[in-house]
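Thanks for coming. I will go through one structure, starting with its core and ending with its largest pocket.

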Amino acid sequence: MMRLSTYTVDAFAERPFAGNPAVVVPLESWLPDEVMQAMAAEHNLSETAFFVPDGAGQWHLRWFTPRFEVNLCGHATLATAFVLATELGATGPLRFRTASGILGVEREDNRFVLDFPAMVPVLATRPPPGLAAALGAVPREVWKARDWICLFDSAETVRALTPDHGRIATMPDSVPGGQARVMATAVSDDLRYDVVSRYFSARMGVNEDPVTGSAHTQLVPFWSARLKRQSLVCHQASARGGTLWCRLEGDRVRMGGHAVLYARGEVFLPVPRLIDAPIPA
């Protein structure tokens, strides 16, 4: 039996049971992909993060949903940085080699600040058929970056949505092989925040993601252009909820958030050997 340490972290949260939970698994070398995927399915959270050392101050980082490996994840990156800094003694700025390039994380007071590539949305000329029916409300506008962005007139409408996740799971995407992930957003009616959003990704194995860093790489350029502001306080209005302090800097989005350790644990794996995994494309 192989014994591995695990850490469960509530990311983009200032207290337990808020934000987005992720399991973080430190490794000395890669496990077989099918084992990491099975572990992510067993944990059944929106992402499980695995990392191996990759030079001084740098780690190779991968993320798995219960169904797929993904090429970008914000909250599990924050959770990984939190574990490295608070549990494993890493100091200074952290760098992660990922399928989306080099991602940096810095600690600023009690927040961890992620440096991610921005994805700039464009107005969708052909929104997917059935989008309004799947959401249960008609958006004022629909935009597209990696994901569909549905703009609503009020934050209350966003909070009140009761989407049909089965419909979302079968909705076509504008990109061949795309996953038809959908976010709903509006200007905040709470003075603590500038904008609110929710994020639905049933085809990825997560009906509603509690707090989504990768969504804000799209939302921050979208709202920065509309509100004529570089800095935004964004709130993801899921049942758990979470807040991101964001800033658009050129073609990068900086996202700050808190994290809380929920659990330390061990897993026991009947894995006969470790293998070198290919570098993600």
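**Core, helix 6 and pocket**

The largest nonpolar core has 50 residues, and Trp-63 and Phe-96 have the most contacts inside it. A nonpolar core here is a set of buried Ala, Val, Leu, Ile, Met, Phe, Trp, Tyr and Cys residues joined through side-chain atoms within 4.5 Å; buried means under 20% relative accessible area, with a 1.4 Å probe and protein chains only. Helix 2, residues 74-86, gives the most to this core, with seven residues. Helices are DSSP runs of H or I, at least four residues, and strands are runs of E, at least two, numbered from the N terminus.

This is a predicted model: local features need pLDDT of at least 70, side-chain atom pairs count only at pLDDT 80 or more, and totals for chains, interfaces and linings use all residues. Residues are numbered from 1 along each chain as its sequence is written, and side-chain values use heavy atoms, leaving out hydrogens and water.

Next, helix 6. Of its 15 residues, 12 are buried, including His-216 and Trp-223. Helix 6 has a kink of about 30° at Leu-219, shortly before Pro-221; the bend is the angle between axes fitted to the seven residues ending there and the seven starting there. Just after helix 6, Lys-228 takes a positive phi of about 60°.

Last, which residues are closest to the centre of the largest pocket? They are Val-70, Arg-146, Arg-181, Tyr-199 and Met-204, out of 28 that line it. A pocket is an open set of points on a 1 Å grid over the protein atoms alone, where a 1.4 Å probe fits, with protein on both sides within 12 Å along at least five of seven lines; lining residues have an atom within 4 Å of a point. Helix 2 and helix 6 each supply at least two residues of that lining.
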